[in-house]
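Here are my comments on the structure, set out as numbered points. Each takes up one topic and can be checked against the coordinates.

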Amino acid sequence: MGNQNETRNGTIVIELVDSHAHLDFAQFDGELNSVLQRASDAGVACVVTVGFDLESSRKAVALARDHAILRACVGVHPHDAAGADARVLEDLRGFVEDSGVVGIGEIGLDYYRDRSPRDVQRRVFREQLDLAAEVGKPVVVHDRDAHDDVMAILRDWASGVSSVKGRKRQPLGVVHCFSGDQAMAEELFQLGFYVSVAGPVTYSNASRLQEVVRRLPLDRLLVETDCPFLAPHPFRGKRNEPAHVRLVASKVAEVKNALLEEVARVTTDNARAVFGIE
Ligand SMILES: [Zn+2]
């Protein structure tokens, strides 16, 4: 990392990690090299591309092999939980051996869309938490309209995790695109989790989320795009991409009355700590 004050074309040189992206999506087909170049030009040093089912996890692993800027997470999203049988979990376990795989995700609960039955979502979430514990990787948690059950499951898992073979690492993981309140964030921090902030913090109707972010300690925050979804202002509604994580970090800096350089430095350190990225 260079001198923070040095400038390139008049912009401050910073280093960011987009801690949650979906670069295997068709929206990036044929354009990935230019997308990654723009990310790099915006100061993004690393992008974590996250699987949501077996096939996209396989693609995430392959992408991380092909591009030095990428790391991968592998997992089954709650939308796809109904298809996650024992064989799928066994295949995920196989992916973890690849050196580019830095976490298990995204996993969790989504009671907003309810695309898989809730009891199945909970079972598959727990199974993948146990897989993460077994292989010693952090988890990337998706929580939409399911705060209570997500917290109950994470609380239970975190309390048992130290007894799982091979599982000694901290932090335990990150709750991505955080939408909970201050109390939930504080309990997550106590359990050993971080939270990640995405594009919605930039939206004009996001005063509640901005207030939560304002109060959260910077040393527990990550930033992300969740691209191709959730493009930050002024790109809302368009295809999102990792370069736009700079807009998320800028907004976090604004609401916390901090410098972008500080937000970049601390959130990048946090992402490296969560995922064990050098
Ligand atoms: Zn995602």
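1. On a 1 Å grid over the protein atoms alone, a pocket is an open set of points with protein on both sides within 12 Å along at least five of seven lines, and its lining residues are those with an atom within 4 Å of a point. The coordinates under discussion are those of a predicted model. By the definition above, the largest pocket has a volume of about 960 Å³, and 33 residues line it.

2. Which residues lie nearest the centre of the largest pocket? They are His142, Arg144, Cys177, Asp226 and Leu230. The lining of the largest pocket divides into 13 nonpolar, nine polar and 11 charged residues, a composition that may be worth keeping in view when charges are assigned. At least two lining residues are supplied by each of β6 (101-110), β7 (139-144), β9 (193-197) and α7 (207-215), and the largest share, three residues, comes from β7.

3. The zinc ion has four protein donors, namely His20 through NE2, His22 through NE2, Glu106 through OE and Asp226 through OD, and these lie 2.1 to 2.4 Å from the ion. Asp226 is also one of the residues that lie nearest the centre of the largest pocket. The angles among the four donor atoms run from 87 to 173°, and the site is classed as irregular. Four donors count as tetrahedral if all angles lie between 85 and 135 degrees, so the upper end of the range, 173°, rules that class out.

4. Along the chain, the donors of the zinc ion follow the spacing H-x1-H-x83-E-x119-D. The pair formed by His22 and Glu106 links distant parts of the chain: His22 belongs to the loop between β3 (16-21) and α1 (32-41), Glu106 belongs to strand β6, and 84 residues separate the two. Are these two donors buried or exposed? His22 is buried, because its relative accessible area is 2%, under the 20% cut-off. Glu106 is likewise buried, because its relative accessibility is 3% and the cut-off is again 20%.

5. Strand β3 pairs with β4 in the parallel sense over four bridges, and within this pairing Leu16 stands opposite Val44 in β4. Strand β4, residues 44-50, is mostly covered, with six of its seven residues buried.

6. A second parallel pairing joins β8 and β9 over three bridges, with Gly173 opposite Phe193 in β9. Five of the five residues of β9 are buried, and both faces of the strand are covered, with Phe193, Val195 and Val197 on one side and Tyr194 and Ser196 on the other. Strand β8, residues 173-175, contains Val175, which counts as buried because its relative accessibility of 1% is under 20%. The C-alpha atoms of Val175 and Arg126 are 15 Å apart in space, and the two residues are 49 residues apart in sequence.

7. Ser207 is in helix α7, one of the elements that supply at least two residues of the lining of the largest pocket. Ser207 is nevertheless exposed, because its relative accessible area of 52% is over the 50% cut-off. Between the C-alpha atoms of Ser207 and Val135 the separation is 39 Å, with their positions 72 residues apart along the chain.

8. Some backbone geometry deserves a check before any further modelling. Most residues other than glycine have a negative phi, and most peptide bonds are trans. The peptide bond from Cys227 to Pro228 is cis, with omega near 10°, and a cis peptide bond also joins His233 and Pro234, with omega about 5°. Pro228 lies in the loop between β10 (221-223) and α8 (245-256), and Pro234 is found in the loop between β10 and α8 as well.

9. Which residues have a positive phi although they are not glycines? Asp145 has a phi of about 55°, and its place is in the loop between β7 and α5 (147-160). Asn257 also has a phi of about 55° and lies in the loop between α8 and α9 (260-275). Asp145 counts as exposed, because its relative accessibility is 51% and the cut-off is 50%. Asn257 is exposed as well, with a relative accessible area of 75%.

Technical notes
Residues are numbered from 1 along each chain as its sequence is written. This is a predicted model: local features need pLDDT of at least 70, side-chain atom pairs count only at pLDDT 80 or more; totals for chains, interfaces and linings use all residues. Side-chain values use heavy atoms; hydrogens and water are left out. On a 1 Å grid over the protein atoms alone, a cavity is a set of points where a 1.4 Å probe fits but cannot get out, and a pocket is an open set with protein on both sides within 12 Å along at least five of seven lines; lining residues have an atom within 4 Å of a point. Grid points are joined across faces, edges and corners, and a volume is the space filled by probe spheres set on the points. Ala, Val, Leu, Ile, Met, Phe, Trp, Tyr, Cys and Pro count as nonpolar, Asp, Glu, Lys and Arg as charged, and the others, Gly among them, as polar. Donors are N, O and S atoms within 2.8 Å of the metal (3.2 Å for Na, K and Ca); water is not among the atoms, so sites may look incomplete. Four donors count as tetrahedral if all angles lie between 85 and 135 degrees; four count as square planar and six as octahedral if opposite donors are over 155 degrees apart and all others between 65 and 115; anything else is irregular. Buried means under 20% relative accessible area, exposed over 50%, partly exposed in between (1.4 Å probe, protein chains only). Two strands pair if DSSP finds at least two bridges between them.
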